[in-house]
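The exercises below are meant to be worked through with the coordinates open, each one stating a task and then solving it step by step.

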Amino acid sequence: MSELLRQHHSYVAGEWVSGVDTVAVENPADESHLLDIPATPLPEIDRAIREARRVFDRGVWAGTPAVERAVVVRAMLSHLETARESLVATMVAEAGQPIMFAERSQFLSGLAMARGMIDLYLSMPHEEPNPVPVDEALRGRVALSIRRHEPVGVVAAITPYNAAFIMALQKLVPALMAGNSVILRPSPLTPISSLIFGAAAEAAGLPHGVLSVVVEAGSSGAELLTSHPAVDMVSFTGSTTVGRHIMAQAAPTLKRVALELGGKSAQIYLDDALGKVGTGAAAVIAGTAGQACVAATRMLVPQEHKDEVLELVSRVYAGLVVGAPTDPATTIGPLISGAQRERCERIVDRAVDKGATVVQGGRRPGGIPRGYYFEPTVLDVPDNGNPAAQEEIFGPILSVLGYRDIDDAVRMANDSRYGLSGQVYGGDSAAATAVARRLRTGAVNVNTALFSAYAPSGGYKQSGLGRERGPDGIRAFQEVKHLVIGELR
């Protein structure tokens, strides 16, 4: 592996900023101290907000034609591309992600998605006719009725630890293309890889104040970003619990809030698709160790086939390689922290107390003395009320449940406070799609999957508000203005 990224300072309104306090970053693979990153002083975060407000109100970036904004954002992406080796190494070290996941799923997919988002933005109308009935037009002497999509203003983008790089791209690119000013605040657990966005902004000549990148060990900066009256919008990806706090902090100033929160997604297998359960089970945890909000951690199968499914997925999980993320053979790296591993242990214990059975895994792996590892775990869960079937775990734990018929499968899938994603597998695609239409969730994959700039993601219920990616993800960073124009008489 190559060396880590060298840029370790915050980027505030075109200046590299240091501070007295530090953010200690740990390598979850071996529990070693990785780096101390200077924390952004709170007055500097306040300055980032004020400068973002000033530059937006002056129209420095928002008034730049979209095709010219695209040139700058593409230049930022090109700068990121030059740092491929050190950026991938950084993601592996700070988040414990296997090399393949960091390079393919984050770096390469992230840049492809970002470039697609630019193209999508340029293809969309941002000022369009707004037809009104003829009699209303005549009565009001209306010559033109126009619907105009304008930038929201100042955006606070708060990203999670499990996919810091791609989540940042997912927020920054549409927000910048729409003409907004943005302050990026990454998770304190994985801040290093996000600091490169400041260097990319500087290299591409992004006007000072349009983008700032700030880091902190606690939450005071995030609270400032979510409550400051000069911030117009908060885009947050993370837990539902934190999402509730953000809504409360944003409420007094009525900020727009976009939230992609927790999930407890279900994967439903029809009778003729049971041969796919091994692949589906592996996809839940491979690369991420189950630390993905969209992970389909509830596997719903016909009750009469549950035992054979448990045997098959247990063999698959037993064959997954748990180990150092720097080893190309590794498929399951560590969890992000000791606290997250302890949470997995508690969930397994509570699940068993409520009638579940550990069929595979369920503990820390032997032979790995250091690092926050947890075995790929298969639980035989008796009912959907079990804690393992209701709580987002964020670990390599799969719950297998049996259903009586399709109505029962749909009922169980929808019996959750979450609704972020879902999967349906069936030999008859039409039948599987009919099931997918009944699921109360923001996205459903039927016999396949798609991650694209053109495809939106987001949640129902307590999985969030709004959408990321796709046309809806771009509109999330825009306000709608109605222009009605008539002749003066």
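The bend at a residue is the angle between two axes, one fitted to the seven residues ending there and the other to the seven starting there. The model used throughout is a predicted one.

**Exercise 1. Determine where helix α4 is kinked, and test the distance between its end C-alpha atoms against the expected span.**

Step 1. With the bend defined as above, α4 shows a kink of about 30 degrees, and this kink is centred on Ser109.

Step 2. Helix α4 covers residues 99-123, which makes 25 residues, and at 1.5 Å a residue the expected span is 36 Å. The expected span is taken as 1.5 Å times one less than the number of residues.

Step 3. The end C-alpha atoms of α4 are 34 Å apart, which agrees with the expectation.

**Exercise 2. Work out the strand order of the sheet that contains β6, and state which strands stand at its edges.**

Step 1. The sheet is open and is formed by three strands in the order β5-β6-β22, with antiparallel pairing.

Step 2. Strands β5 (127-129) and β22 (478-486) each have a single partner strand, so they stand at the edges, and one side of each is left without a neighbour in the sheet.

Step 3. On average, and with direction ignored, neighbouring strands of this sheet are turned by 25 degrees against each other.

Step 4. Strand β6, residues 142-151, is joined to β22 by nine bridges, the two running antiparallel. As a single example of such pairing, Pro151 has Gln478 in β22 as its bridge partner.

**Exercise 3. For the salt bridges of Glu127 and of Arg256, find the partner residue and the parts of the chain that each pair links.**

Step 1. Side chains of opposite charge can pair when their charged atoms come close. The structure holds 27 salt bridges.

Step 2. Glu127 is paired with Arg148, their closest N and O atoms being 2.8 Å apart. Because Glu127 lies in strand β5 and Arg148 in strand β6, this pair ties together parts that are 21 residues apart in sequence.

Step 3. Glu127 has a relative accessible area of 44% and is partly exposed, and Arg148, with 31%, is partly exposed as well.

Step 4. Arg256 meets Glu479 in a salt bridge of 3.0 Å, N to O. Here the linked parts are strand β11 (residues 256-260), which holds Arg256, and strand β22, which holds Glu479, the two residues being 223 residues apart.

Step 5. Arg256 counts as partly exposed at 27% relative accessibility, and Glu479 counts as partly exposed at 37%.

**Exercise 4. Identify the salt-bridge partner of Arg438, and then name the residues that shared partners join into one network.**

Step 1. The partner of Arg438 is Asp407, with the closest N and O atoms 3.0 Å apart.

Step 2. Arg438 belongs to the loop between α15 (429-437) and β19 (445-446), whereas Asp407 belongs to helix α14 (residues 406-414), and the pair is 31 residues apart. At 40% relative accessibility, Arg438 counts as partly exposed.

Step 3. Salt bridges with shared partners join Glu127, Arg148, Glu150 and Lys481 into one network.

**Exercise 5. Decide whether Ala282 is buried or exposed, and list its contacts beyond four places in sequence.**

Step 1. Ala282 is placed in helix α10, residues 277-285.

Step 2. Its relative accessibility is 16%, so Ala282 counts as buried, the cut-off for that class being under 20%.

Step 3. With neighbours within four places in sequence left aside, Ala282 is in contact with Val316 and Tyr317.

Conventions:
Residues are numbered from 1 along each chain as its sequence is written. This is a predicted model: local features need pLDDT of at least 70, side-chain atom pairs count only at pLDDT 80 or more; totals for chains, interfaces and linings use all residues. Side-chain values use heavy atoms; hydrogens and water are left out. Two strands pair if DSSP finds at least two bridges between them. Helices (H or I, at least four residues) and strands (E, at least two) are DSSP runs, numbered from the N terminus. Axes are lines fitted to C-alpha atoms, for helices over the stretch in contact, and angles run from 0 to 180 degrees between N-to-C directions. A salt bridge is a side-chain nitrogen of Lys or Arg within 4 Å of a carboxyl oxygen of Asp or Glu. Buried means under 20% relative accessible area, exposed over 50%, partly exposed in between (1.4 Å probe, protein chains only). Contact means heavy atoms within 4.5 Å.
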